[in-house]
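Reader: Could you walk me through this model, starting with the overall picture and then going into the details?

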Amino acid sequence: MKQPSWAALLNRNAALLRQATKPLRERHRPPSSAGSWLMGLVMAADGPRRYYLFRPAGVRFGERLPLLVMLHGCHQDAKSFAASTRMNAVATRERFLVLYPEQPRLCNAQGCWNWFDTQSGRAFAEAAWIMKAVDQVCMLYAADRERTAVAGLSAGASMAALLATRYPDRFKALVMHSGVPPGTARSPASAVGAMQGRRQPLPPGRAQDWPPLMVIHGDADRVVSASNAGSAALMWSQAAGARQEPAQEQRRGKRYPMRVTQFKRSREVVATLVEVDRLGHAWSGGAARQRFSDANGPDASRMVWRFVARQFEAQQPKIQSLR
């Protein structure tokens, strides 16, 4: 029997190595988009933390772009969340930066943000390193500190709410998609009850400083009860002394219908509640064949940016008057 040559053995071993490392290479391959997919690191108390930044092509020297912080849900990472939401495509069209902090599996086996663990301080520590990433992006990539917003899905939505209420002066808008309002849980044991809608949020502090809120939630969500969406909107409304407007039924083409309710203080919109019919625990209008993504829902990414952009525009006269 003829023995394989050294060249054949090397080629076979190289092929096996490529096959074995394919999942790792796929994970770190940049999402397809017209821009740069940049990795960065910040130091947390227990080690380095990774984030990814999407920067649209053609950014001019000295140009300061708005920044949207996007926090993934459980069983996701930065790349899969970017692929699911297609937020980079919106950023390319509208010209803004997108920051994707990534939760290490060593900190949570499912990749969830520990938004609930305020009793031990883990939630606050995670919020602190995310803010370090925001500061680093503002410094290295000239993100506009005065036009920064945060959004998230599921555990990411709950962490986004924690960020916005803990650092209210840093964010001009907050979007929670399928999350739990802040103050509802203090430990892992209480998190499940909060997700099921069996716990009420604690009375808010510094609520007058909170940024405007948009809540998006599906009424068929079996992971996080849709009652949490109403609780979050009501929490913002009561804290700001806002009144509830009549709900408006909306539908775009063949996508799931939705009910949009606004909570206003005078003419100012304090909170917007978007309830999507038949949507489960998934990003509404996300990419097909992606986990935690439902292409049949109204386009949440477009809704997020329209809402965020309105808040930036509303704040511009105030910012200019201070300069």
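**A guided look**

Author: Happily! Of the protein's 323 residues, 51% are buried, meaning under 20% relative accessible area with a 1.4 Å probe and protein chains only. This is a predicted model, in which local features need pLDDT of at least 70 and side-chain atom pairs 80 or more, while totals for chains, interfaces and linings use all residues. Residues are numbered from 1 along each chain as its sequence is written, and side-chain values use heavy atoms, leaving out hydrogens and water.

Reader: How many helices and strands does the protein have?

Author: Both are DSSP runs numbered from the N terminus: helices are H or I with at least four residues, strands are E with at least two. Counted that way, the protein has eight helices and 13 strands.

Reader: Which cysteines does the disulfide join?

Author: A disulfide here is a pair of cysteine sulfur atoms within 2.5 Å, and a search of the whole structure finds one. One partner sits in the loop between β3 (65-71) and α2 (78-85), the other in the loop between β4 (97-101) and α4 (122-140), 38 residues apart. With S to S at 2.0 Å, the cysteines joined are C74 and C112.

Reader: Why are the buried residues of α3 on the same side of the helix?

Author: In α3 (residues 87-94), the buried residues are M87, N88, V90 and A91. They lie on the same side because the arc they cover around the axis, taken from the directions from the helix axis to the C-beta atoms, is only 155 degrees.

Terms used. Buried means under 20% relative accessible area, exposed over 50%, partly exposed in between (1.4 Å probe, protein chains only).
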